[in-house]
Amino acid sequence: MEIVRTIAVPKEGNHAGQYEDAVAVGQDRIAVADGASAAIYAREWAGMLADDFARGAEAPEGEGAFWERVGALGERWAARHADGGGAWYAQEKLPQGSAASLLVVRLTAGRWEALSVGDVCCFVVADDRLRYAFPITRSRAFGDRPSLVTTRMPARRPPLVRTREPLPEGARLLVATDALARWFLAEFERGGKPWGQLP
């Protein structure tokens, strides 16, 4: 898999240390996690998710196995912070744990498959046309409360969405967190070709 470029930009008014997203690339996979701004140590949790799902074992097929794996990662995250150190506001938030959206894309011969929790998106462009958008297909579908993968297993698990599609020859895959993905779809809906405006 050839990664041409990754771009990371913190939110306006923030510095690089306040950036909460993570990307990791494995032999045939890429994982992007978008840390929730309101969560504690979200960048670290996003990094753990992205690294494990891109470079660890393949994502499990069963939903139960997926959440077991996330639960084990959450336990590792919690163990790192078991001493409760840090500023008072961090200590207050630690019991709530951390959270992030997650998208994992795997490329195989002539196909791509993906799993998602939340609003990180993948776009497949071929022959100067948008062929696929996953998991969100319309700009108005974005909201301020996406589904999240959390360090503490919730009583009600968010939906795990999957797809498996043909990969057109010469296709370009673009993976984007919510802000860029929303702009991308809005531009496309206006008749534009946003992939031509990206590196």
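User: In this predicted model, what covers the buried residues of α2?

Analyst: Helix α2 spans residues 63-80, and its buried residues include Phe66, Trp67, Leu73 and Trp77. The cover over the buried residues of α2 includes one helix and several strands, namely α1 (42-55), β3 (99-108), β4 (111-117) and β7 (149-150).

User: How many Å does helix α2 reach from its first C-alpha to its last?

Analyst: Helix α2 has 18 residues, and 26 Å is expected at 1.5 Å a residue. The reach of α2 is close to that expectation, at 26 Å.

User: Is Ala33 buried or exposed?

Analyst: Ala33 lies in strand β2 (residues 29-35). Beyond its neighbours within four places in sequence, Ala33 is in contact with residues including Ala22, Leu49, Ala100 and Leu102. Because its relative accessible area is 0%, and the cut-off is under 20%, Ala33 is classed as buried.

User: Which strands stand at the edges of the open sheet β6-β5-β9?

Analyst: The sheet has three strands in the order β6-β5-β9, with antiparallel pairing. Two of these strands each have a single partner, so one side of each is left without a neighbour in the sheet. The edge strands are therefore β6 (129-134) and β9 (172-176).

User: Which residue in β9 does Val124 stand opposite?

Analyst: Strand β5 (residues 121-126) runs antiparallel to β9, and five bridges join the two. Within this pairing, the residue in β9 opposite Val124 is Leu173.

User: Which helix packs on the sheet, touching β5, β6 and β9?

Analyst: The direction of this helix makes about 40 degrees with that of β5. The helix covers residues 178-189 and is α4.

Key: Residues numbered from 1 in each chain as written. Predicted model: local features only at pLDDT ≥ 70, side-chain atom pairs only at ≥ 80, totals over all residues. Heavy atoms only, no water. Helix = DSSP H or I, 4+ residues; strand = E, 2+ residues; numbered from the N terminus. Expected span 1.5 Å × (residues − 1). Buried < 20%, exposed > 50% of the residue type's maximum accessible area, 1.4 Å probe, protein only. Contact = heavy atoms within 4.5 Å. Pairing = 2+ DSSP bridges. Axes fitted to C-alpha atoms, helices over the stretch in contact; angles between N-to-C directions.
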